[in-house]
Each structure stands twice: as C-alpha cells, then as structure tokens.
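Subject: Structure for you to look at

Dear colleague,

I am handing over a structure that you have not seen before, and I would be glad if you read the notes below with it open beside you.

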Amino acid sequence: MDFWNVTLSLLAGLENTCLIFALTLVLALPLGLIISFGSMAKFKPLAYLIRTFVWIIRGVPLMLQIIILFYVPGFFLGQPIFTRFSSVVAAFVINYACYF
C-alpha cells in the first residue's frame with residue numbers, strides 16, 4: 001500500500017468518527033434532558049427506575065453496550081435489526097445521555 005491509499009483510508013475513518021460524534025451530540029443532549037427530568041420526578045417509582053437505569057448504563061463498559069445492541073436483538077429475533085453503524089450510534093447516544 002502506498003501513502004495515498006493509507007491516507008484515504010484514514011480520512012474515511014475520520015469521516016465516520018465525526019459523523020458518530022455529531023449524531024451522538026445532537027441526539028444525546030435531548031435524551032439526557034429527559035433522563036434528568038425523569039430522575040427528578042415527584043413520582044418516586046419513576047425516579048428510582050430512571051436512576052437505576054442510569055446506574056446500570058454508567059457501570060457497563062461502552063464496548064459491551066455496543067456488542068449487546070448489535071448481537072442480542074438479532075439473537076432473539078433471528079436476524080439483526082441494527083447495522084453496525086446504527087448500533088454504535090445508539091449505544092453512544094444512550095451512554096452519553098446518562099452522563100449528561
């Protein structure tokens with residue numbers, strides 16, 4: 001492989017990384033706002049449920065969340081329902097919404 005082929009491959013990866021970052025930021029901020037309002041709800045069972053969900057998501061490594069989102073639905077339904085890219089974006093959005 002020559003220099004230009006390697007550089008083009010790296011730029012393609014950079015494009016995917018920037019797209020994942022932009023989608024994560026745009027989608028995780030509103031979801032994080034909903035999660036934060038839910039954790040402060042006056043209806044205590046809802047607040048406890050959301051706090052438990054956030055505690056679990058924060059405790060599970062992000063790579064494991066991506067693997068779960070990509071493989072588990074396909075295992076139970078017989079065919080994958082997420083592409084690799086959508087699994088990554090969904091896992092990042094849920095993970096970062098719990099941190100926001």
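The notes below go through what was found, starting with how the values were obtained.

Please keep in mind that this is a predicted model, in which local features need pLDDT of at least 70 and side-chain atom pairs count only at pLDDT 80 or more, while totals for chains, interfaces and linings use all residues. Residues are numbered from 1 along each chain as its sequence is written, and side-chain values use heavy atoms, with hydrogens and water left out.

On the surface, a nonpolar patch of about 1100 Å² is made by Met63, Leu64, Ile67, Ile68, Tyr71, Val72, Phe75, Phe76, Leu77 and Ile81. Such patches are made of residues with over 30% relative accessible area and no salt bridge (a side-chain nitrogen of Lys or Arg within 4 Å of a carboxyl oxygen of Asp or Glu), with nonpolar side chains (Val, Leu, Ile, Met, Phe, Trp, Tyr) joined within 5 Å and like charges within 9 Å. The areas come from the Shrake-Rupley method with a 1.4 Å probe, and for residues only the protein chains shown count as cover. Val72 lies in helix 3 (residues 62-77), where helices are DSSP runs (H or I, at least four residues) numbered from the N terminus. Val72 is partly exposed at 34% relative accessible area, whereas Tyr71 is exposed at 52%; buried means under 20%, exposed over 50%, and partly exposed in between.

The structure holds 4 aromatic pairs, that is, rings of Phe, Tyr and Trp (its six-membered ring) with centres within 6.5 Å, called stacked when the planes are under 30 degrees apart, edge-to-face when over 60 and tilted otherwise. Among them, Phe70 and Tyr71 are edge-to-face, because their ring centres are 4.8 Å apart and their planes stand at 80°. Phe75 and Phe76 are also edge-to-face, at 5.4 Å centre to centre and 75° between the planes.

Ser87, in helix 4 (residues 84-99), is buried at 1% relative accessibility. Leaving out residues up to four places away in sequence, Ser87 touches Ile66, Leu69, Phe70 and Phe82, a contact being heavy atoms within 4.5 Å. The buried residues of helix 4, including Ser87, Val88 and Cys98, pack against helix 1 (3-39), helix 2 (44-59) and helix 3. Phe82, in the loop between helix 3 and helix 4, is partly exposed at 30% relative accessibility.

With best wishes

Key: Helix = DSSP H or I, 4+ residues; strand = E, 2+ residues; numbered from the N terminus. Buried < 20%, exposed > 50% of the residue type's maximum accessible area, 1.4 Å probe, protein only.
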